[in-house]
Amino acid sequence: MRKLTFAALFAVAASAFMACGNSTPKADLKNDIDSVSYAIGMAQTQGLKEYLVRGLGVDTAYMDEFFRGLNAGVNAGDDKKKAAYYAGIQIGQLISNQTLKGVNHQLFGEDSTQTISLKNFMAGFYAGAMDKKGLMDMQEAQAVWTLKMPVIRNRSLEKQYGENRAAGEKYLAEYAKKAGVKKLPDGVLYRVIKEGSGAMPKDTSWVRVNYQGKTIDGKVFDERKEPVALRANQVIPGWTSALTHMPVGSIWEVVIPQEMAYGNRETPQIKPFSALVFKIELVGLGRE
C-alpha cells in the first residue's frame with residue numbers, strides 16, 4: 001500500500017491557507033500594498049476547493065466552518081502549541097478520510113461491514129510517533145503488515161466471491177468434456193477453431209492478435225477486432241500459456257482458470273476468482 005506523504009499535503013495546504021481577517025473580512029484597498037495583499041490572497045485560493053474536497057474530504061456546504069478554523073490557524077501566529085494541535089487535527093482528518101478508507105478497501109473490498117480496529121491503529125500510531133517501546137518495533141510492524149494483509153484480504157475475498165471460484169471450476173470441468181477440447185499442462189483448456197501453420201511464439205515474443213474476452217456467463221468485457229501488438233509474457237499467465245502453444249494463423253477458444261487469469265484481483269468488469277473465456281486469433285509475430 002502506498003504510504004501517505006503528509007509533508008507533501010501540508011505544503012499544498014500551507015500555500016492555500018494564507019489569508020487574514022474575521023470570518024467575513026472586508027477589503028479596503030487604499031494603496032498598492034492593500035491591492036497586492038488582496039491579489040495574493042485571491043491567487044492563493046487557486047485549486048483550494050478541489051483540494052478541500054478531494055484531499056481533505058470537506059463538504060463545501062460548510063465553508064463558513066472552514067473559515068472559522070482558517071482564521072484560528074492564521075491568528076495563532078507562531079504559537080507552537082496551537083500549531084501542533086492544528087496539525088493533529090489535519091493529520092487526523094487525513095487518516096479518517098484517506099488512510100482508513102484506503103486500508104479498509106484494500107483489505108475488505110466492497111464489504112463495508114468490516115473495518116480495521118481504530119483503537120489499535122491509534123495505539124500503534126502513537127507508539128510509533130512518540131518513539132515509545134510498543135508491542136512491536138518498526139521492522140516488526142512492517143513485517144506484520146506485509147505478511148498478514150494478503151491473508152486477511154484473501155479471507156475476505158473468499159467470503160465475498162468464493163462462489164465465483166466454485167462456478168469457474170464447474171465450468172472448466174464441463175468444458176473439458178466437449179469434443180475437441182485439449183488441456184495444457186498448467187490447466188488452461190482450449191479448442192482449435194482454425195489451425196495455423198506459422199511459427200510458434202516464445203514467451204518473450206511480440207505478437208499481434210485479435211481477441212474477445214468473456215466471463216463464463218457470456219458477458220463480453222473486452223474485444224479487439226483490429227490486431228493489437230503485445231508481448232507474450234506481459235499478459236495474464238493463461239494468455240502466455242496459450243500464445244506459446246499457438247502457431248501463427250491459429251484461432252483458439254481458450255478457457256482460463258481463475259488462478260491463471262486475475263486471481264483475487266478485481267477490475268470494473270471482472271470479479272475476483274473468475275474463470276475467463278477468450279477467443280484468440282494469432283495474426284502474426286512482431287509489433288507490425
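**Figure 1. A nonpolar surface patch made by Leu 29, Tyr 38 and Met 42.** In this predicted model, the three residues Leu 29, Tyr 38 and Met 42 together form a nonpolar patch of about 320 Å² on the surface. Leu 29 lies in a loop, with helix H1 (6-16) on one side of that loop in the sequence and helix H2 (32-43) on the other. Is Leu 29 buried, partly exposed or exposed? Its relative accessibility is 48%, and the partly exposed class runs between 20% and 50%, so Leu 29 counts as partly exposed.

**Figure 2. The hairpin of strands S3 and S4.** Strand S3 covers residues 206-215 and strand S4 covers residues 220-231. The two strands pair in the antiparallel sense, and 8 bridges join S3 to S4. One facing pair in this hairpin is Gln 212 and Glu 223, the latter in S4. How many residues lie between the strands of the hairpin? There are 4 residues between S3 and S4, and in this hairpin Gly 218 takes a positive phi near 95 degrees.

**Figure 3. Thr 240 in helix H8 and the residues it touches.** Helix H8 spans residues 237-243, and Thr 240 is part of it. The relative accessibility of Thr 240 is 16%; buried means under 20%, so Thr 240 counts as buried. Which residues does Thr 240 touch, leaving aside those up to four places away in sequence? Thr 240 touches Asp 203, Ala 232, Asn 233 and Val 235.

**Figure 4. The whole protein, as a setting for the close-up views.** The protein has 8 helices and 6 strands. Read from the N terminus, the order of these elements is α-α-α-α-α-α-α-β-β-β-β-α-β-β. Why is the protein described as more spread out than a compact globule? The globule rule gives 19 Å for 288 residues, whereas the radius of gyration here is 28 Å, well over that value, so the protein is more spread out than a compact globule. Along the principal axes, the C-alpha atoms fill a box of roughly 85 × 50 × 30 Å. Of the 288 residues, 30% are buried. The protein exposes about 18600 Å², and 55% of this area comes from carbon and sulfur atoms. Among contacts with a separation of 6 or more, 67% are between residues 24 or more positions apart.

Notes
Residues are numbered from 1 along each chain as its sequence is written. This is a predicted model: local features need pLDDT of at least 70, side-chain atom pairs count only at pLDDT 80 or more; totals for chains, interfaces and linings use all residues. Side-chain values use heavy atoms; hydrogens and water are left out. Patches are made of residues with over 30% relative accessible area and no salt bridge: like charges are joined within 9 Å, nonpolar side chains (Val, Leu, Ile, Met, Phe, Trp, Tyr) within 5 Å. Accessible areas come from the Shrake-Rupley method with a 1.4 Å probe; for residues, only the protein chains shown count as cover. A salt bridge is a side-chain nitrogen of Lys or Arg within 4 Å of a carboxyl oxygen of Asp or Glu. Buried means under 20% relative accessible area, exposed over 50%, partly exposed in between (1.4 Å probe, protein chains only). The radius of gyration is taken over C-alpha atoms; the globule rule is 2.2 Å times the number of residues to the power 0.38. Contact means heavy atoms within 4.5 Å. Two strands pair if DSSP finds at least two bridges between them.
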